[in-house]
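Take the structure below as a set of coordinates to be read step by step, beginning with the charges and ending with a single side chain.

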Amino acid sequence: MARALRDMGDGFVAVLLPAYLLALGFSPLQVGIIATASLLGSALLTIAVGIVGVRYDHHQLLFAAASLMVATGVAFALVHDYALLLVIAFAGTVNPSAGSVSVFVPLEHAVLAREVTDAERTRMFARYSLVGALAGAVGALASATPDLLVPLGLDQLSAIKAMFVLYALLGLLGGFLYARIPRRRPGAEPASASALGPSRKIVFKLAALFSLDAFAGGFVVQSLLALWLFEKFGLSLAEAGVFFFWSGILSAFSFPVAAWLSRRIGLINTMVFTHIPSSIALMLAALAPTLPLALLLLLVRAGLSQMDVPTRSSYVMAVVTEAERAAAASFTSVPRSLAAAASPALAGMLFAASFRAWPLLICGVLKIAYDLLLLMQFRDLKPPEES
């Protein structure tokens, strides 16, 4: 339930963020820099969680993160100065990717993984991801709300600010839910547990590969994809909201399919052989001459590109010890966030220079390279339920 509330907020903020910044008079390059700052800040917060997560109870850290989400929403609604917005994006929880790139992720993964058997772990992560993606799709649809409020006499800028207040309220509700998570069972983890132990080499190798994937994905985080649709095809907020709703629905229902497929061909194969076609669809969308064709290809991509999310989470939890899970989730998330933080600003520069197709093409090529490297490095390291 807490994940659903959080992802609903991320869903509409990712679409509204570029529209809000453009309405305040900022350039596409400045939009990209804001996205970079938010992802970089998330990375540093996630590093802190990986270090302290083994010593503090996870539900306390989740409650603190929800409190930060409340502060972020209120601050974005009140501040107009670009420098201050940059600081808020860096220190807060605003998520331009509308995906699981945040301080919440490693904590939620560690809490969930300790409650299920190896055989149930991937299906659990698929259900968890399904709920979040459906909520994110509803949030994307809600991004059309400012356009619907304009005929009622509210100007678009004020309506977008109201949505940031709603984002803060969702964080408040999520905080109450996180506070109800049971505390870690006594003796569940050894008192001498360290951040990373016997699985350090595996985690670092996965982190390096995941960082390549995230760097590629940073070129088309949802805020920048919305910006591309706004600038190339003149899409309205309402039309963008409907498109991202349906792309979110397709992503959501791909998660149980990924769990079913992984039981037949394995986690690594599922991650790789669904990812490569999605990258090809993205590159074709970049070159599409018409809006309907571009949207169709992007929907194909949405139906395939997120099937690695529950399988990746399950795989990381499977190949490390229980005591290392929070740290492993954190240390595989941090390089993703750091790498993803670098590319939005580069994409913003390409948009500003009118090279609008290049971010999508670069993303596709790098993601295919990541998939092939992952297959070569990890096809022989199987989780317990596969071996």
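In this predicted model, the protein chain carries 26 positive and 21 negative charges, and the mean positions of the two sets are 5 Å apart. For scale, the C-alpha atoms of the protein chain fill a box of roughly 60 × 40 × 30 Å along the principal axes.

The overall dimensions can be checked against a simple rule. A compact globule of 387 residues would have a radius of gyration near 21 Å, and the protein chain has 20 Å, so the value agrees with that expectation. Burial can be put beside this figure: 58% of the 387 residues are buried. The accessible surface comes to about 14900 Å², and carbon and sulfur atoms account for 70% of that area.

What secondary structure does the protein chain have? There are 16 helices and zero strands. Contacts give a view of how the chain is connected. Of those between residues at least 6 apart in sequence, 87% join residues at least 24 apart.

Two of the helices can be followed in detail. Helix H10 covers residues 222-233, which is 12 residues, and its first and last C-alpha atoms are 16 Å apart, close to the 16 Å expected at 1.5 Å a residue. H10 is mostly covered, with nine of its 12 residues buried. The buried residues of H10 are Gln 222, Ser 223, Leu 224, Leu 225, Ala 226, Leu 227, Trp 228, Leu 229 and Phe 230. In general, an α-helix has 3.6 residues a turn, so residues three or four places apart point the same way. After H10 comes Gly 234, with a positive phi near 65°.

Helix H12 spans residues 267-286 and has 20 residues. From first to last C-alpha, H12 reaches 29 Å, close to the 28 Å expected at 1.5 Å a residue. H12 is also mostly covered: 15 of its 20 residues are buried.

The last stop is one residue in another helix. Leu 172 belongs to helix H8, residues 156-179. Is Leu 172 buried or partly exposed? Its relative accessible area is 41%; buried would require under 20% and exposed over 50%, so Leu 172 counts as partly exposed. Leu 172 also illustrates the distinction between sequence and space: Ala 71 is 101 residues away from Leu 172 in sequence, while their C-alpha atoms are 9.5 Å apart.

How values were computed:
Residues are numbered from 1 along each chain as its sequence is written. This is a predicted model: local features need pLDDT of at least 70, side-chain atom pairs count only at pLDDT 80 or more; totals for chains, interfaces and linings use all residues. Side-chain values use heavy atoms; hydrogens and water are left out. Helices (H or I, at least four residues) and strands (E, at least two) are DSSP runs, numbered from the N terminus. The expected span of a helix is 1.5 Å times one less than its number of residues. Buried means under 20% relative accessible area, exposed over 50%, partly exposed in between (1.4 Å probe, protein chains only). The radius of gyration is taken over C-alpha atoms; the globule rule is 2.2 Å times the number of residues to the power 0.38. Contact means heavy atoms within 4.5 Å. Accessible areas come from the Shrake-Rupley method with a 1.4 Å probe; for residues, only the protein chains shown count as cover. Lys and Arg count as positive and Asp and Glu as negative; His and the chain ends are not counted. The place of a charge is taken as NZ of Lys, CZ of Arg, CG of Asp or CD of Glu.
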